[in-house]
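Dear colleague,

Please find the structure below, handed over for your study. My findings follow after it.

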Amino acid sequence: MLKSIFHVGTFEIWSVLLAFAVSLVLGLIIAMVYRKCAVCHGFPIILALMPMLVTAVIMIVNGNLGASVAVLGAFGLVRFRSAPGTAKEIGFLFFAMAVGLSVGMGFLSLAILITFIAGTAFLLLEKADFGNVSSNERLLKITIPEDLDYDGIFDDLFQKYTTHSDLDRVKTTNMGTMYELSYLIEMRNMSQQKEFIDELRCRNGNLTIMMGLVKREKNEL
């Protein structure tokens, strides 16, 4: 059973120093895990200090309802004054806060356990590329004459060169005399891009074809 190093309503200097030291060490570990999962120079510093700061806040509001409400309001102001973060950044902030809360309550062994389990999970999921899109995914735009029926005209080429293809959008262009077809595709072999485009040109009358990376919105919460 986990036991807190603090007594309710009181703090001894050695226990406070121990809590700050443990939270700072665990914060540095969290920051190093984050550096392995993302490239950002300023954010790891915040992650390293976050557990110690949260630990201090929990000590301050220990058993004090008024102080708890004031701190809650301060956190709310910080949230709405900050720029939106990515899902990964917010996840690491919750990670650091959970560790800080555990240390602030005096449960040092729980904080160490959370750091080890959550940090290992972050690293394993990052190493496995969990949730990342395929590197072979491309956006393909094909221009065709308005009198050409585009329904199924490229299906045999898609079956030959791609693992999947979806018609994302159709729009008119060049004063309505042409169509622009936008497909989301995943190439079977990236080295066959030129061969694929050459065969498409034979179907669309040698009009414009564009293939590029898929632009996605920033992954925010």
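F154 and Y183 are both buried. Please keep in mind that the model in which they lie is a predicted one.

A search of the whole structure finds 10 aromatic pairs. In one of them, F154 and Y183 meet edge-to-face, with 6.5 Å from centre to centre and 90 degrees between the planes. This pair joins distant parts of the chain, as its members stand 29 residues apart. F154 belongs to the loop between β1 (137–145) and α6 (155–161), whereas Y183 belongs to strand β3 (residues 178–187). Both residues also take part in a cluster, in which ring pairs link F154, F158, Y161, Y183 and F196.

I turn now to helix α5.

Helix α5 comprises 20 residues, namely residues 108–127. At 1.5 Å a residue, the helix should span 28 Å, and this agrees with its end C-alpha atoms, which are 28 Å apart.

Which residues of α5 are buried? They are L108, A111, T115 and G119. Seen down the axis of α5, these buried residues fall within an arc of 50 degrees, so they line one face of the helix. A general rule helps here: an α-helix has 3.6 residues a turn, so residues three or four places apart point the same way. The face of α5 turned away from the buried side carries the exposed residues F116, I117 and L124. After α5 comes D129, which has a positive phi, near 55 degrees.

Yours sincerely

Conventions. Residues are numbered from 1 along each chain as its sequence is written. This is a predicted model: local features need pLDDT of at least 70, side-chain atom pairs count only at pLDDT 80 or more; totals for chains, interfaces and linings use all residues. Side-chain values use heavy atoms; hydrogens and water are left out. Helices (H or I, at least four residues) and strands (E, at least two) are DSSP runs, numbered from the N terminus. The expected span of a helix is 1.5 Å times one less than its number of residues. Buried means under 20% relative accessible area, exposed over 50%, partly exposed in between (1.4 Å probe, protein chains only). The arc is that of the directions from the helix axis to the C-beta atoms. Rings of Phe, Tyr and Trp (its six-membered ring) pair if their centres lie within 6.5 Å; planes under 30 degrees apart count as stacked, over 60 as edge-to-face and the rest as tilted.
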